[in-house]
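Q: I have a model open and want to learn how to read it feature by feature. Can we start with strands, then go on to pockets and burial?

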Amino acid sequence: MNPANKRHWAFFIWICWIGTALMAQEKELTLHDLIPGGKTYNRFVPRTLKQLQWSGAYYLYAKGDSLLAAVPGEPETVVLTRGQLNSILTDAGLPAAGNIPAFTSPLPEKTLLSFRHRNELLLLDWQRKELAVRYPLAGEEQHTELSPSGTHLAFTLKNNLYIQPANEAARPVTTDQEPGIVNGQAVHQREFGIAKGTFWSPSGKYLAFYRMDERMVTDYPLVNVNARCAKAQPIKYPMAGMKSHEVTVGIYNVQTGETIWLQTGTPKEKYLTNIAWSPDEKSIYMAEVNREQNKCQLVKYNALNGKRSEVLFTETHPNYVEPQHPVQFLPGDSTRLFIWQSQRDGYNHLYLYNTKGKLIRQLTHGEWLVQEVLGVDKQNVYLLATLPHPERPVSGPGMENNILKVNLADGNMEFLNSKQGVHTASLSPSGNYLIDRVTSSAIPHDIDLLRTTSGEPVKNLLSASDPFKNYTLPSIETGQLIAADGETELNYRIIKPAGLDETKKYPVIVYVYGGPHVQLINGSWQYGTRGWDLYMAQRGYIVFTVDSRGSANRGLEFENVIFRQLGTCEMEDQMKGIDYLCSLPYVDKERIGVHGWSYGGFMTTNLMLTYPDVFKVGVAGGPVIDWSRYEIMYGERYMDSPQDNPEGYKNSNLKEKAGNLKGRLLLIHGDVDPVVVWQHSLEFLKACVNAGTHPDYFVYPGHGHNVTGKDRPHLYEKITRYFDDFL
């Protein structure tokens, strides 16, 4: 090719490239690109390493049809292919797998992987390339949990608990036949950090489990409309101020087949939480919270006879206590010291105790909180915390976290992560390494291996590229404004259409939650922005969010302001956000909308009714309307009972404000919602009929508290159309 032709060809290629780039820039993102459940959603999620976890001394992950593993610092190798897996399966008389299955590493110190294949739970030793254990299942088993040795499997079938030895038939632990008795499952509506109902002892010799008696709790009617004649499928749902269920804890001896019961005494209506075994398996430690939720006792029980040994200490608070974590014993410690997490000084911190209940020392201090204990060795505890790095400016209070190593002897702290942002991490079984996953406004997703001795990076496992690099996105900004109390800083996020013209006026959608245990704005990728927020900004809306007092990661006082008056302080803070918006020259004050789900649905409805001249359009999903219709554990923690706080319940009852509705309000509810039951929005509709106001309504049949799966893009298309039509 002569030089002239080469130049022409290069020019042609350049033109094509420019054209392709411009076309990509002009493309718009769709709901299916941005909403979980969308057909193309996975293309726009920052890349990750699938099933990355520790397995023995190795980190391991799936890639295509293979598993890769390595000891930190050594080259990664393929340790198992789908072909090898299928050879192992077929040699055992099992059908081949179509791909590498979803697996867990249930015994981190061993190179065993657990996964379901057809009607069996299998333990595969990937290092030896052999099946270690097979657990045949009938297919209806739930809540499976392997013993620490891997030799026994606990599971529930209907409402009873079973134990299955390896390669043997299962045997029942409980045989309750009466409806309303539930064994081996999570209790207390999964509050207080409760996520499961079985607790193996360290060696697997014993199994502690919950037994919940719900017979005294009122049946709540849910209806399955899929049957030709709709079928009642009631649940037990204890509402605030009503009779609650009663819980006991059993200890099953795997060798003898006998069960003893912890003698937890009276009153029976209390919360038994945060169950932990002593290392010698002679004792059970459990947090007990009274029905009023203002007193927590850490109680030690004799695991051999069920008798209460002693109350180690008591914590009280005039509003509420909320233990979330069991005691954590120090490994290899002859004096049996343990770590306890508590908010007693206003922030979640770590306290070192002995087994007599004597406080040895407070391990962490300050106006920041411990989010998660990653692990403990003989010298240190490793944790995630909101403590800012002294040499790095933060994007806002509580918006970022760091990985810390805290010395157990002197409390000396060391930062282990080098990158700024929001971290999740897992500690190796040896305690020598960490897998650090970090995301920030500048980092879509990085995964690094770190040494715990120094925080020194061993290897970068992944640096994900920006999945939106070929698109022009709306601008995302964060900042702080002052709460209605005149002194507290609140984080806000504002998303503006690309190319915003400050001489024009734009409609605004306020996305709101405002309740406990949720933080909408953080220092992660795109500052925690949801896909729908981007989509609406792409359509010409400004989307605004403020984490009002009451939300997470700012300490107990920040959350406590909502006590006995849900909605009051949160709305006052949201209106400070409205004041800020109205100070912007490009905000159309006549076109302000609001949207939220669950507690955010409560806030959306409340804002529409309390400030009817401010908010023109609202969409409330799964909204709490009347807190006296909400469940006991959450409701009474933040509101007390209706009998003790009638004024608070009346002021937060949105049926009382139904006549205030002026704008367009769409309520959305799943018809089998077991969390915020359907009754909430139905009663609100009736109140609006009585008051002569006219909300709109949409129901998702067969969905619970959230609309998930393939119907979720439909949900957000519905919400989008509503704002397009009326805002």
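Q: How many bridges join strand β23 to strand β24?
A: Start with the general idea. Strands of a sheet pair through backbone hydrogen bonds, either parallel or antiparallel. In this predicted model, β23 (residues 295–302) and β24 (residues 308–316) run antiparallel and are joined by 7 bridges. Take one position as a landmark: Y301 stands opposite R308 in β24.

Q: What lies between the strands in the hairpin of β23 and β24?
A: The hairpin has 5 residues between its strands. Check the backbone there: G306 takes a positive phi near 85 degrees.

Q: Which order do the strands take in the open sheet of 4 strands?
A: In a regular strand the side chains alternate between the two faces of the sheet. Here the order is β25-β26-β27-β28, and the pairing is antiparallel. The edge strands are β25 and β28 (359–362), each of which pairs on one side only. Now go to β27 (residues 349–354): 3 bridges join β27 to β28. Within that pair, Y353 has L359 in β28 as its bridge partner.

Q: Next, pockets. What is the volume of the largest pocket?
A: Rolling a probe the size of a water molecule over the atoms shows where empty space is left. For the largest pocket, the volume is about 2100 Å³. Its lining has 49 residues, and P106, P108, K196, Q328 and L374 lie nearest the centre. Elements that give two or more residues to this lining are β8 (142–146), β13 (198–200), β21 (270–277), β25 (328–329), β29 (370–376) and β33 (422–427). The largest share, 5 residues, comes from β29.

Q: How many nonpolar, polar and charged residues line the largest pocket?
A: The lining has 28 nonpolar, 14 polar and 7 charged residues.

Q: Which residues lie nearest the centre of the second largest pocket?
A: They are Y41, G528, T529, R530 and G531, out of a lining of 34 residues. The helices α2 (31–34), α4 (531–538) and α11 (712–726) each give two or more residues to the lining of the second largest pocket. This pocket holds about 800 Å³ of space. By class, its lining has 20 nonpolar, 10 polar and 4 charged residues.

Q: Is α4 largely enclosed or exposed, and why?
A: An α-helix has 3.6 residues a turn, so residues three or four places apart point the same way. Burial is counted residue by residue. In α4, 7 of the 8 residues are buried, so this helix is largely enclosed by the rest of the structure. The buried ones are G531, W532, D533, L534, Y535, M536 and A537. Just after α4, G540 takes a positive phi of about 105 degrees.

Q: Does Q526 count as buried or exposed, and why?
A: Q526 is in the loop between β39 (506–511) and α4. Buried means under 20% relative accessible area. Q526 has a relative accessibility of 10%, so it counts as buried. Leaving out residues up to four places away in sequence, Q526 touches S440, S441, F468, L473, I476, R493 and L534. L534 is also one of the buried residues of α4.

Q: Last check, confidence. Where does pLDDT stay under 50?
A: Begin with the whole chain. The protein chain averages a pLDDT of 95, and 96% of the residues score at least 70. Then find the weak stretch: pLDDT stays under 50 over residues 15–25. The model has 6 contacts beyond four places in sequence for that stretch.

Methods. Residues numbered from 1 in each chain as written. Predicted model: local features only at pLDDT ≥ 70, side-chain atom pairs only at ≥ 80, totals over all residues. Heavy atoms only, no water. 1 Å grid on protein atoms, 1.4 Å probe; cavity = no way out; pocket = protein on both sides within 12 Å on 5 of 7 lines; lining within 4 Å. Points joined across faces, edges and corners; volume = space filled by probe spheres on them. Nonpolar A, V, L, I, M, F, W, Y, C, P; charged D, E, K, R; others polar. Buried < 20%, exposed > 50% of the residue type's maximum accessible area, 1.4 Å probe, protein only. pLDDT = per-residue confidence, 0-100. Contact = heavy atoms within 4.5 Å. Pairing = 2+ DSSP bridges.
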